[in-house]
Amino acid sequence: MIWYQQTPQAILKELETSEAGLSSSEAQARLKTYGPNELSLKKEPLWKVIVEPFRGVFVAVLVAAAFVSLISHEPLEAVIISVIILVGAVIFYVQQYATNRVLRSLKKTSVQQVAVQRDGSLQTISALDLVPGDILLLAEGERVPADARIVQAEGLQVDESALTGESVPVHKHNSVLTNKKQMYEQDNMVFQGTYVVSGGGQAVVVETGSKTAFGKIAQLAGGDKTVSPVQVKIDHLISLMVKAIGVLALVVFALSLARGIPTSEALRFVLSLSVSAVPEGLPVALTVIIVLGMRRMAKHKALVHSFKAIEDIGLVTTIATDKTGTLTKNKLTIVDSWSIGKEQVTTIAGMTLDVSQRVTDPLDQAIIDSMKAESHTTVNQVYPFDNALRMSGAYSQSRQTIFFKGAPEHILSHSTLSDAKRSQAESALHSFASKGYRVIAVAKHKFAGKPPKNLTGLKNQKLDFIGFLALADELREESSDAIKAAQAAGISVRMITGDHYETAFNIGKKLGLATHPDQVIQGTELPKEVHALAQTIKTKTVFARILPEDKFRVLQALKQTEITAMTGDGVNDVPALTNAHVGIAMGSGSDIARDAGGIVLLDDNFATIVNAIAEGRKIFANIRRMLFYLLATSMGEMLTMIGALLLGFPLPITAIQILWINLVTDTALVLPLGLEQAEDGTMQKPPRRPNEPLLNRILLSRLALVALTMAIVTLSIVAVLKGQGQTTEYIQTVAFMALVVAQWTNAFNARSEYGSLLSGWRRLNIGMLVGLLVGFSLQMLVMFGPLQTVFAIADVPLEVLLTTSGIMLVAIAGVAEVHKFVSRLIRDAGHQSG
């Protein structure tokens, strides 16, 4: 049944109820049938939360490496790798608990109590116990607990911004509506989650829980979760690495057998080689830098409760933002006025209000705010909004005048204006409307006798027209600058609102989002097919008269070509928040919206999003640095081992030395590398293309050169020492030290994609120096301290170690510097040609 097209009597009959309400027994029976009146996002089952940190290709690779170490009779390696996996999981759990604790503190602790008619009397019950057929009493300031058809209304106005995005309260009535109506046009219905701002009435509950408009929106949010683009890229890179390791392992195994190496020894060598290729320290390093990034963002009022969100925020190419409460304060203010004569429109508008009573209507509050310290006329009788006349008013006995405010067309039609004056007023009205303002008219009428009981008694009276007030939802001061900062970073911003076309366009112009009407599109103009929609909205930056399902479809279309962030605060934003690459909820928004967002802005400040993007870009750049550094290490070790096998050399380093390099030497520097400060101009560069690989050609070619240089220098050292007749243990000691120095050098080389190693010192990273000091101290314990025996370290003259280490340092630094120099030339040439 289409509720708004039925009379109240027909609905009461359909729901088998009456204005006296349901009986208690019938209400209990219906509660069993329909269930509690509640809705929430579908929660992840506990087992999914537990396994979350163990999902992904990389963890699978680590598990495989631990298993290989175990069957290779290297239990220490297996234990260490297992500990690494568990440490990453523990960090994940701790961070999730801390974030969820903050979210729980934001939620309301009390269940709403509502007034209903049951058993023929007024009762107060929990909103959870409401069922279809209940007769609900609506009172000023209360939250509407369920979808209901209005039976009686007295000056009833409802704020539906949380549902439709429309910032202006809607006048409600109990009349029948004909034809199909959008949600924002259903003036005889009230919806769950909206608020009564003035007046009162009665309504029959027609839908509860998941069947309400809010509930249907929440169901849209239950689709497939968007996969993190960063995680996809990491998994793809690791998958390629695993395939490469598999191919190399087979080749090495075949070569080993061809050289006459026993099968068992060849298998052990191949397994050790495979383990050496896995950068075991990466998962913990990624987790730690993301958690620290989350902590930094929390200090700046951005609460991140999704690893995916902080990984992806730096890749965002477009922000689709709700208007009401996000770009604006969701507060009406008077922005302009026009008078037909000399009387002040604001003053006369103030006389329509009884300021001694509590004001809840946003329009009335805007009028009071604009009156400042002006004296207020004593009001003897208040006339609530009359839906037929489209006006409200107040009577002042001292002035013997009734003052009116209401819809311009209706007040003009009842005015005493001449045709010329009316034309002048209509021109002013059109001017305000073209700017997207909400306009109300103000008038008065001298009434010497006893005033009527209601405005219906004045429908045939002529009014003295005073003028117009123009109102608008007040913009947040920081919104315009934040949008400019986002645009400077190459990120497009799109405003989505339930407002009328003119209002949306006017706000878009003020914010710098639109300069031409062609950039605005209405919900009724959106194509149904997602690919056609994606093409249509490519150049659109302002979306007007958008319903929740429209917003969801717009997001799906944007995701075809963009990495999308969606902001919002209402239930109408939930489907888009959950399905965006990054959902950003306002801290003051609804509970369900905060649950849906991957990031919650505790200060509701749109500008915080730009800071979050800057932090995200820094984290993404640091992830690339870490990957480059660790993969260069792994590839260098692999090439060294394979080269030794091909050349008939002894193994340059042992399995435990490989593990030391991968876990201790690398970790000491990879964490500080992951906390590197952003390079200059980070937010003046366009975002990376969505399909751009994690490591571009420049970094991959440098990675290959560094790894090849590492292998060539190490094998050259092995060849020279072997020619001198040195023992295998002696050779491995020198090669081990040289590879460690290669790691230290490459860590500092990885600090910048284009900047030279020396220029990096201008951006001081204390963590890198501390990491180097820690790594150096631990390495000295291995080389000259009590750990010599464990790592099979031979006595090698200090000058030999210094000479070979110096050669490795110069070789790695030199190759990287030459490659960066050429890369800068290519980049600069590209900029000039562009």
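This passage walks through the overall fold, one sheet with its packed helix, the cavities and a single leucine in a predicted model.

Starting with the big picture, the protein chain has 834 residues, and 55% of them count as buried. Its secondary structure comes to 27 helices and 21 strands. As for how the chain comes together, take the contacts with a separation of 6 or more: 74% of them involve residues 24 or more positions apart.

Next comes a sheet that draws on eight strands. It is open, its pairing is mixed, and reading across it gives the order S8-S21-S20-S19-S9-S16-S18-S17. At the two edges sit strand S8 (302-304) and strand S17 (520-522), each of which pairs on one side only. Going from one strand to the next, the twist averages 20°. Strands of a sheet pair through backbone hydrogen bonds, and they can do so parallel or antiparallel. At the S17 end, the parallel kind is found: S17 and strand S18 (residues 542-544) run that way and are joined by three bridges. Within this pair, Val 520 has Val 542 of S18 standing opposite.

The sheet also has a helix packed on it, namely H22, which covers residues 606-647. This helix touches S8, S9 (318-322), S16 (492-496), S19 (564-568), S20 (582-586) and S21 (599-601). Set against the direction of S9, that of H22 makes an angle of about 160°.

What about empty space inside the model? Searching the whole structure turns up three cavities of 30 Å³ or more, and the largest cavity holds about 50 Å³. Its lining is made up of Gln 112, Val 114, Ala 115, Leu 136, Leu 137, Leu 138, Glu 142, Arg 143, Val 144, Pro 145 and Val 196. By character, eight of these lining residues are nonpolar, one is polar and two are charged. Two strands, S1 (113-118) and S3 (135-138), each supply at least two residues of this lining. The largest share belongs to S3, with three residues.

Finally, a closer look at one leucine. Leu 257 lies in helix H8, which spans residues 229-258. Its relative accessibility is 36%; because this falls between the 20% and 50% cut-offs, Leu 257 counts as partly exposed. Setting aside neighbours within four places in sequence, Leu 257 makes contact with Thr 263 and Ala 266. Leu 267 is ten residues away from Leu 257 along the chain, and their C-alpha atoms are 9.4 Å apart.

Methods. Residues are numbered from 1 along each chain as its sequence is written. This is a predicted model: local features need pLDDT of at least 70, side-chain atom pairs count only at pLDDT 80 or more; totals for chains, interfaces and linings use all residues. Side-chain values use heavy atoms; hydrogens and water are left out. On a 1 Å grid over the protein atoms alone, a cavity is a set of points where a 1.4 Å probe fits but cannot get out, and a pocket is an open set with protein on both sides within 12 Å along at least five of seven lines; lining residues have an atom within 4 Å of a point. Grid points are joined across faces, edges and corners, and a volume is the space filled by probe spheres set on the points. Helices (H or I, at least four residues) and strands (E, at least two) are DSSP runs, numbered from the N terminus. Ala, Val, Leu, Ile, Met, Phe, Trp, Tyr, Cys and Pro count as nonpolar, Asp, Glu, Lys and Arg as charged, and the others, Gly among them, as polar. Two strands pair if DSSP finds at least two bridges between them. Axes are lines fitted to C-alpha atoms, for helices over the stretch in contact, and angles run from 0 to 180 degrees between N-to-C directions. Contact means heavy atoms within 4.5 Å. Buried means under 20% relative accessible area, exposed over 50%, partly exposed in between (1.4 Å probe, protein chains only).
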